[in-house]
Amino acid sequence: MIDPKTLLDDLKRLVKRLQDDLRERATGMAAMADRLEDEYRSAREAGRTGDAFEAWREGVLTQAAVAWVLGCVFVRFLEDNGLVDGPLISGPGERRGRASDRRTLYFRSHPTDTDRDYLYDVFRTVARLPAVARLYDEAHNPVWTHGVSGDAAREMIAFWRRIVPETGDLVHDFTDADWDTRFLGDLYQDLSEAARKRYALLQTPEFVEAFILDRTLEPAIAEFGLGQVRLIDPTCGSGHFLLGAFRRLLDRWFRKAPGTPERELVQRALDGVHGVDINPYAAAIARFRLLIEALKASGIRRLKEAPGYRINVTAGDSLLHGPRFGELALGSGAEQLGGRAGIGHAFEAEDLDELNRILGQRYHAVVGNPPYITVRDKALNPLYRERYTTCHRQYSLAVPFTERFFQLALPAAPDGDGAGLVGMITANSFMKREFGKKLVEGFFPRVDLTHVIDTSGAYIPGHGTPTVILFGVFLYSS
């Protein structure tokens with residue numbers, strides 16, 4: 001059984017160890033150094049970073065360290081719950097020894113390899129199963145481009161095989177009859193302190209998620225129909241809104257088409273759920289959690305029996321990628337501008353085609369909990385300001401994300417019907433400070449803001465910043 005606190009504490013130390021290892025390799029290996037410098041140069045030219053190279057590189061190496069840890073966490077969850085054939089890294093009881101035997105056999109056939117190569121073999125073995133192939137995508141997962149040393153990989157394998165001396169039990173046993181992935185939300189929020197501060201990582205409480213979905217997804221289904229409705233969370237984090245939406249859609253499908261094979265209904269529900277997050281490991285966690293939920297709902301206990309589910313979750317910046325729909329030209333006298341194409345640049349961890357596909361359509365429900373931080377990067381700040389007319393003075397990200405959420409919603413027809421619904425929890429600082437002026441005076445009068453629920457007097461776990469929940473629809477078509 002998973003002990004979330006112990007797991008988190010131990011993995012935080014492991015991430016730091018891997019960061020140190022990757023930093024040493026990034027400065028000592030010409031090929032890795034050159035690749036990082038090339039990506040940094042491309043990002044600078046695109047205006048996506050104004051950080052010094054060393055600071056930017058640290059962020060990339062943090063992502064790589066976390067990717068290595070999560071790559072192993074996903075395998076450990078799958079192997080301990082019998083979803084893959086036989087143990088690959090470790091396991092409780094005799095499975096731990098079987099995993100060790102597998103590693104021994106690997107090195108008999110590959111005597112010059114290191115434990116990094118062994119973990120690559122583990123990842124590739126899992127990735128041959130269609131349902132999980134995207135999690136270990138060699139084109140975008142940083143484990144393939146930012147390899148840890150053989151020594152660090154050996155330490156990782158030893159970490160997963162640690163036992164409690166007094167009992168002989170595995171320290172980190174992922175066996176769980178319910179396949180509960182809530183612990184991954186804790187890893188998302190706290191695994192890396194640097195990433196938590198950079199991206200303002202914060203989980204949305206379940207009661208807030210349910211409150212927002214009740215007032216967005218449910219009426220959207222009633223108006224547009226179960227077979228048509230699409231929902232997106234443009235700041236999906238570890239996927240709380242996506243999981244809640246998936247469960248609601250699937251429950252409706254089971255009631256509407258009881259004779260249809262379960263896995264077909266599961267895919268229909270997945271087709272209605274979309275998510276994007278700027279943090280690559282958040283997107284990976286959200287994707288994995290949706291996969292496990294899909295397997296449970298399909299009654300599938302072995303990954304080799306699972307189809308290659310279409311899961312519409314990817315990593316990227318929702319403020320920069322995808323077209324700008326129905327932009328409001330505030331102060332110009334014109335009601336709207338033509339849509340502007342998204343930025344053409346993508347980091348290695350981003351799939352530009354997927355980003356443009358997901359962000360290139362509008363939705364019947366747009367929900368989320370966007371970050372509230374100010375933009376300190378000297379390149380990103382003007383890039384957002386150029387694209388979002390609501391950005392004013394020392395704006396927080398709550399401002400352009402509010403504009404973006406409404407842009408992604410289907411606009412109302414000329415008679416006012418058929419508009420997509422927006423529901424978001426965000427900082428209420430725009431209501432009190434000068435930077436919110438353009439949002440309040442210029443943008444909100446051009447949308448139908450149906451509810452403004454100030455929650456600053458309520459206790460919402462994890463939300464120290466006073467917040468507000470907004471509901472509305474976008475009135476202007478493009």
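The following exercises, each with a worked solution, concern cavities, aromatic contacts and cysteines in a predicted model.

Residues are numbered from 1 along each chain as its sequence is written. In this predicted model, local features need pLDDT of at least 70, side-chain atom pairs count only at pLDDT 80 or more, totals for chains, interfaces and linings use all residues, and side-chain values use heavy atoms, with hydrogens and water left out.

**Exercise 1. Describe the largest cavity and its lining.**

Step 1. A cavity is a set of points, on a 1 Å grid over the protein atoms alone, where a 1.4 Å probe fits but cannot get out; lining residues have an atom within 4 Å of a point. The search of the whole structure finds two cavities of 30 Å³ or more.

Step 2. The largest cavity has a volume (the space filled by probe spheres set on the points) of about 360 Å³.

Step 3. Its lining comprises 23 residues, and Arg 134, Leu 135, Asn 141, Pro 280 and Ala 284 lie nearest the centre. Helix 3 (53-80), helix 13 (280-298) and strand 3 (312-315) each give two or more residues to this lining; helices (H or I, at least four residues) and strands (E, at least two) are DSSP runs numbered from the N terminus.

Step 4. By class, the lining of the largest cavity has 13 nonpolar residues (Ala, Val, Leu, Ile, Met, Phe, Trp, Tyr, Cys and Pro), five charged (Asp, Glu, Lys and Arg) and five polar (the others, Gly among them).

**Exercise 2. Explain why the pair Phe 77 and Phe 183 is stacked, and place both residues.**

Step 1. Rings of Phe, Tyr and Trp (its six-membered ring) pair if their centres lie within 6.5 Å; planes under 30 degrees apart count as stacked, over 60 as edge-to-face and the rest as tilted. The structure holds 22 aromatic pairs.

Step 2. The ring centres of Phe 77 and Phe 183 are 6.2 Å apart and the planes are at 20°, so the pair is stacked.

Step 3. The pair links distant parts of the chain, with Phe 77 in helix 3 and Phe 183 in helix 7 (residues 182-190), 106 residues apart.

Step 4. Buried means under 20% relative accessible area (1.4 Å probe, protein chains only). Phe 77, at 0%, is buried, and so is Phe 183, at 5%.

Step 5. Both residues belong to one aromatic cluster, which also includes Phe 74, Phe 159, Trp 160, Phe 174 and Phe 288.

**Exercise 3. State how many disulfides the structure holds, and whether Cys 236 and Cys 391 are buried or exposed.**

Step 1. A disulfide is a pair of cysteine sulfur atoms within 2.5 Å; the structure holds zero disulfides.

Step 2. Cys 236 is buried, at 5% relative accessible area, and Cys 391 is buried, at 4%.

Technical notes
Buried < 20%, exposed > 50% of the residue type's maximum accessible area, 1.4 Å probe, protein only. 1 Å grid on protein atoms, 1.4 Å probe; cavity = no way out; pocket = protein on both sides within 12 Å on 5 of 7 lines; lining within 4 Å.
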